[in-house]
Each structure stands twice: as C-alpha cells, then as structure tokens.
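Here are my notes after a pass through this one, in no strict order. Have the viewer open while you read.

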Amino acid sequence: MRTIKFFLALLITTLLVWQLARPLHLGDKTIPPLGAFLNPFSGFWANAEPANGFDEKSLSLPGLKGKVEVVYDDLLVPHIFAENQEDAVRVQGYITAQHRLWQMDITMRKASGRLSEVIGEKTLRLDRLARRKGMMVAAENDLIGWKKSQKTMDLLKAYTDGVNAWVSQLSPADWPIEFKLLDYEPEPWTPLKVALVSEAMAETLCAWEDDLESTNTLELLGRETFNYLYPEWNPKQQPIIPDTGQWAGLHPLLPPPFFKDSTPSFGSIESEEPAEKFLNDRQIVGSNNWALSGSKTKSGKPILCNDPHLNLTLPSIWFQVQIHTPEANTYGVSLPGVPGVLIGFNENIAWGLTNVSHDVSDWYKIHWANAQRNKYQIDGEEKSVQFRYEEIGVKGKPVFLDTVRYTVFGPVTYDFEPANPLRDCAMRWVAHDTPEQSTFDVFLNLSVGKNYDDYKAALPGFDSPAQNFVFASRFGDIAIQTQGKYPVRGQQQGRFIQEGDHWANAWHSFIPPDQIPSMKNPSRGYVFSANQNSTPPSYPYYYLGNFEDWRSRRIHDRLEAMTNATVDSMKTMQLDNFSQRAADALPTMLRLLDRSQLDEEGKHMAEDLGRWNYRYESNLLAPTIFESWFDSCYTATWDEITALEKQGKNSQRTDDLLASKNQKIELLYPEAWHFIEMMQTDSASVFFDHPATPFRETARDIVLESFKISQAYFKQNPDKRVAFGEYKGFALKHLGQIDAFSRFDLKLGGHRTAPNALSKSNGPSWRMIVELGDVVHALGVYPGGQSGNPGSRFYDNMVDTWASGNYYELLFLKSADEASGRILGKQVFSPR
C-alpha cells in the first residue's frame, strides 16, 4: 500500500512538473510555463533588488579607458562622472540596460516587426505593417548617415558595448520580469537597434497624414464645399514664427508644376485606430515649450520650459541622467536604448523640443504595367519594382514570409490586404531618407554647447522627426527653430493622394536650411511653440500638417501679459487647465441656447455651465457636462458626413469596394475651431440642417437638440454625471498592457485643448523648468520612476508627485564628491 501511494505521489508530481514546464493554452491566449516563473531561485522572486535601487559594489567594465564614478540620488538618477565621452556613454548604456532592458527590447521589436517572435500570431499584422512601412529600411538608412561621423560610431559602439556588458552577465534568474512572463531571453544590443528605437519615436511624431480622407471628401463634396469646410489657416492662430518682414527678400526654391487631378475616391476598411478618427480636435501628439528673456523674468535671467506630450506608459518614456566629462556637464532625459541627452541643459545653455507636426508623408497611386504588379508606369515608361523579402518569426508557428514591393516613391504598404483602399499606393516618407549628417552629433554638440552660435551650428544635422528646438543661454539669448527636412511643394500638393505615373508629382527638393523658420531674441521677450502652425501664410513655402489650435493661443496670451516671471510662474503655466476651445465655444453655445425650451433641471444645468471658468479641474462637474454637450453638438452638425461615411455611394466615381458589406468610406471631419467659427458667424449655414427633417434647422436648433441629448444621457446614466477627473478615466498602463503593473487610481484634470494637455492616456511626459544664471536652477518630474522593475520602489515613485502638480529640484552636481543629503551612494567602474 505504501508503495502504491509512493508511485501515485510520484506520478502526480511528475505530471505537475511536466505541466508547469509547458506553456498553457487557454483559447487564443497562451500563458508561459508557470514553473519557470514561480521557481524560487530563478522566477519572479529573483527580481527583488537592493532597497536603494542599485548595487554599490565597484565593477570593472570592458573597454573603459579610465575610472567612471556614478553617484545615485534619491530619485535613482545616475550622475555619471567620466574622464571622456566614450567612457560616459559606455556606462550610460550599462546603467540604462540595468534599469530598462525590457523596455528597450520591446520598443525595438515593435519598430522592427519582431513582436510575433515573443507574443505569437496575434501581433503578426502589426509586424507586417512595421516591415511594410519601411521601419527597418529607415533604421538601416539612419546607420548609413551616422557612419559619416566616426565620432558617432565610436560613441554608438561604446553605448552598445555597455548595454551588452550588462546583458552578458545575466542569468535567467536576473532577467527582467517581463522576459520571464513572455518566456524569452534578452539578446545583444546593436547600433541598428539604437536606430530602430529612434525610428519608433519618428513613427509616433511624423507619420501623420490624412491623404485618403481628404481625397474622398473632396470627391464627394466638390471643391467649393471642401474649401469652405476645411480651411488650412485658422485666423486666430498665433504661429511659432510671426511675420516680421524677414521673408521679404527671400528667394524660395520653386517646385515643378505637378498634376493636381486627384485619384478616384478610395473606399476604406475600418481605420486602425477607430477611436481616434472622430476626434473633433485632430491634434493627438503634442507638446509645449517656451523661453523667456531676462526682460520678462524677476531675476533678469532667461527661463526655459518644456513638457513633451506623449502616450504615457510604465516604465516611463524617459530616463533621467547627468553626464559630466571634461567637455561638458549635462543633465536631462534620454530615450532608453539611445545614448546621450535629448532634452536638457548644461551650465551654459538649455534646450527643449516639441513636434513640428508638418505632414511629411505622401501617398502615390501606382499604375501597374502588368498583372504580376512587378512593373509600373512613370511618364509613359515602365519601371521595375524592387522586392524586399521579409522573414517574420512567429512564436509556436513556422516563419512567415512576406514580400514588399518598393517603388521610386517608397513601399507599397497595404497590397497584402485586397480590400484596403491604399492597396495600390506607395508611401513616400521623409523618415526613409538617409540623413546628411549624424543625428547624434546634433545632441552631442548641444550637450557641450556654450552659446547661441553653438546651438545654431548644431541643428542642421537634424532631419526627422522635425522638432521645434527652443533655446536659452545664461548670457541672455533666447531662440527657436523649426528644424527638420521639408519637401518643397506646390499649393495643395501632398494634401490628397497623388497620381504616381507622373514624376512631376514627386518631391524634387527640400527647403534650404537657411530658409527654415527661426527666431532669435524677439523684442516681445519670449519664444514658444505648442505644435501650432510654424508660420503665417506669408511664409513663401507651402506646407500642411496636423496643427494645434488652442494651447498655443493660451500660452501666447499668458506670455504676452507676463512680467517678473519666476519658476513658480512657469509651474502654473505648465499646469494650466484652462481650455481656449471651451472659452471660444461655450459663450456662443449658451447664447444660441433657447432656455425657454428647457425644463427646470436643464435651466440649472445651463446656469452651472455659465458660471464655469473654462478650466478642466478634476473636481468639477461643469467640464464633464460641457464635453458631452459639445461632442453631441458637433456630432449632430456633421451627421451628413457620418451618413456618407457609412454608405459611400453618392459619388459616381466610387468603385465596387464602397458597396461592399460592412465597409465604409474614410472621410475628413471639419476641425473644431472652424465648427465654432460657423456657430459664431454663420449660424444659418446649411450644414446645421438635418436633411431628413421637413424643416431647416439652424445652429440654434442643433444647440438645443444636443443639450437635451446630453441632459437625457446623464439622467439615464447617473454614474456618468461625475467630476471630470473620474469621467475622463486616466490610465497609466504598462507597456505590455499588464494591469498589475499599471496605475488606474489617478483622477486628473487637464485636457488636450489646455496647456496641461492630459487625455485618457496621453499627456506631459517630462515637465522641465530651467532658470539659467551663474548657478543653474532646474526642476523636473515625469509620471513614473527610473526603474523598469515593477517590484522596485523607484518604478512609479514620481507618479503621485507629477499627478499632484509638484516638481523635484534636479540635483545638478559639479563633482562626484560634492556633498548632498539627497545622495544614496556611489558606484565605481574601472577599466578591466
């Protein structure tokens, strides 16, 4: 009997061990082997770290030329003191990998189309699109450009060697927890992977276009209606670079005449991001930066501020670091996986970035010359496509083989989806181009810069993604430049899908560097940007893009009125929840609202809105009510466009796809600023009319109708009639969408139309304020922590500080031995 029990126990134990060693398949989900994850020696238990977040023991690091001392402060920010730049970035690579290795890896995998290797078949379409968009081609071309600078390549090698020094000494027990959860191992870092992380940011910032939507909308509505509904210039806009007569003597390059006849209307499958398609403010990714001269500040010294707005995640987008070498002493934020400091300051200058938001991505309709689609026509001649063969690893499946056609314009991205309206279109994207200079030299030169001349000399090497580089120096200069690579276009060129059989439609030249908009020391005493138009229409080059209409006006007005500014003044600006959109729209909507048609509850609701100060504070109900009312009003006005989108059959030129079941045509919706302008100045416009009703509605009718809809909505859903912070539902999610590693407990104010541009998952990723003088005074905060380990106290220790609108004094050390009560300890790296 005892023997039977023994063998039974042995069998059960064997089966349990066998099961725990195998992946568990639950429907379409696969759980990694739990045995390895729960192993007390190498599983998640092993991811505990020292209480202070780092190991104080001295280390020898291959490739170092001298000793490097790293001082950690109470935020786990490493302050790297090295005898040369190569040693500094080598240690930077080592430390960044130590804290953010999985983040680096998963960012690289998304950009390169390698997610399916570790996640499986459900990410295959994402991987195919990454390959077909040419992300790897863009990274490969980056490397070609970077190789023009030996210094860049030396620093890249040092950085990647530092990363790999950390990776090579890891055992499975040491792997970050996400590697264990997904059951795969880290791999060596390379310069190409650095380029891929850079291109991941480029895709976020400069891949926007709405060529398909604009083409379809023009086709269906006609030129006159299109021009009325979709003007390109907002007359209330405050551009980054105003016209002060500086372009009067400019001799711009002229584009060749291009063929303006648009392609036939294209039907569309559902958009990849349907939730974002119907936003009445097109701007999604945005940022703020500004610099004040001493004439505007209490101290008489310049102040520079920056808060880039991005999709917020845990681990955080940025990694703080100080790098001290004989050449410079620089503090700021880096992108994990990329060497150097992207946004920051040294003892002499400070700089910050916002997205320029120009459209630098065009679609061209390819005219195939044969059924095999391996030849196409340009100007009556046949050209052969270039094939790029992609091998995509898929976890648990055979390797997936994909073939991408490349034309002179770029890749034919969507030809693997027969129902996709862009299936015969090639994408021309500036990020594919080989840079003329090394991008890293730009930030390296900024980090060692001492004055305006150094700043100006550093910028020309930066092509993509185009950025507004704001600048200030302790000597009193302030400046801004919309740095990037911009095609020279004809009027309206690039706004619609273009015919690819005419070479005249291609990009033939780019705006010369000395004609890119810039400004130094304006008499008004400040420069700023918030993703608005770079210039007014008087700038001699045509450009188009996804420009912001609200934050820029609010920031302009506050800076214009400001005197005796202090660091505290700058905090209130970065945390400003005032919405210019609400200030424009609500008085007009209340004026048009016929309150005699409301019940008592409705009248009280309108009175409450009338007392609102247009601030999206988390504890207020008014912004919740306004959001619902404004969105209902907007939706009711553009019901004709929604109907056309669904049926897509009004055009005589639409193809059979538009009649396909469950398909819709992609159309463009008017921008919110123009919608508000119509309510203010053209309230009887035909576009306020509902065609299906027997009488003609005006803006007054739409305003009343939408108000009643909102009132009924909140009556039927009392749980939605809550303060705005709860209504918005902010989520700070883990990169791997793991809820246990995310934060859902924050009730925040802010709005995408306010300087504090917080939406459900997007917002200020790094708030920085720098006052320059004999001694630099800098503050900063971001929503996260330095560590990527969810079990670390430094994983999200800054989130609550950021959410409450507070900042940290940035510890800007002059030497590794400088005393401070904020120092946790020191780690010394020596040559091996």
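1. One term before we start: I call a residue buried when its relative accessible area is under 20%, and exposed when that area is over 50%, with partly exposed in between. Also keep in mind that this is a predicted model.

2. Let's begin with helix α15, residues 551-561. Its buried residues are Arg551, Ser552, Arg553, Arg554, Ile555, His556 and Leu559, so three arginines you might want to click on are Arg551, Arg553 and Arg554. What covers them? The cover over the buried residues of α15 includes the strands β6 (287-292), β7 (303-311) and β23 (526-529), along with the helices α16 (567-574) and α17 (580-592).

3. Stay with Arg554 for a moment. Arg554 makes a salt bridge to Asp576, and the closest N and O atoms are 2.7 Å apart. This pair links distant parts of the chain, with Arg554 in helix α15 and Asp576 in the loop between α16 and α17, 22 residues apart. Are the two partners buried or exposed? Both Arg554 and Asp576 are buried.

4. More on salt bridges, of which the structure holds 41. Asp424 pairs with Arg373, with 2.5 Å between the closest N and O atoms. Asp424 sits in the loop between β17 (400-406) and β18 (425-429), while Arg373 sits in the loop between β13 (361-365) and β14 (375-378), so this salt bridge ties together parts that are 51 residues apart in sequence. Asp424 has a relative accessibility of 15%, which means that it counts as buried.

5. Another pair to look at is Glu187 with Lys193, a salt bridge whose closest N and O atoms are 2.7 Å apart. The partners fall into separate accessibility classes: Glu187 counts as partly exposed because its relative accessibility is 22%, whereas Lys193, with a relative accessible area of 9%, is buried.

6. Now the open sheet. It has eleven strands with mixed pairing, in the order β3-β29-β4-β5-β9-β10-β11-β12-β19-β20-β22. Which strands stand at the edges? They are β3 (59-61) and β22 (518-520); each has a single partner strand, so one side of each is left without a neighbour in the sheet. From one strand to the next, the twist averages 20 degrees.

7. Within that order, strand β9 (residues 319-324) and strand β10 (residues 329-334) run antiparallel and are joined by six bridges. If you want a register check, Ile323 stands opposite Thr330 in β10.

8. Strand β19 (residues 467-473) deserves its own point. Seven of its seven residues are buried. In a regular strand the side chains alternate between the two faces of the sheet. Here both faces are covered: Gln467, Phe469, Phe471 and Ser473 are buried on one side, and Asn468, Val470 and Ala472 are buried on the other.

9. What flanks β19 in the sheet? Strand β12 (residues 349-355) pairs with β19 in the antiparallel sense over seven bridges, and Thr354 stands opposite Asn468 in β19. Strand β20 (residues 478-483) also runs antiparallel to β19, joined to it by six bridges, with Gln467 opposite Gln483 in β20. β19 and β20 form a hairpin with four residues between them, and Gly476 in the turn has a positive phi of about 110 degrees.

10. Back to helices, with a packed pair. Helix α7 (residues 150-168) and helix α13 (residues 439-447) have axes 9 Å apart and pack at an angle of about 85 degrees. Angles of 65 to 115 degrees count as roughly perpendicular, and α7 and α13 are therefore roughly perpendicular to each other. On the α7 side, Lys151, Thr152, Leu155 and Leu156 meet Phe440, Asp441 and Leu444 in α13. By class, this contact has four nonpolar, one polar and two charged residues.

11. Last, helix α10 (residues 211-221). How many of its eleven residues are buried? Ten are, so to speak, under cover; among them are the charged residues Asp211, Glu213 and Glu219, and also Leu212, Leu218 and Leu220. Just after α10, Gly222 takes a positive phi of about 90 degrees.

Conventions. Residues numbered from 1 in each chain as written. Predicted model: local features only at pLDDT ≥ 70, side-chain atom pairs only at ≥ 80, totals over all residues. Heavy atoms only, no water. Buried < 20%, exposed > 50% of the residue type's maximum accessible area, 1.4 Å probe, protein only. Helix = DSSP H or I, 4+ residues; strand = E, 2+ residues; numbered from the N terminus. Contact = heavy atoms within 4.5 Å. Axes fitted to C-alpha atoms, helices over the stretch in contact; angles between N-to-C directions. Parallel < 35°, antiparallel > 145°, perpendicular 65-115°, else oblique. Pairing = 2+ DSSP bridges. Salt bridge = Lys/Arg side-chain N within 4 Å of Asp/Glu carboxyl O.
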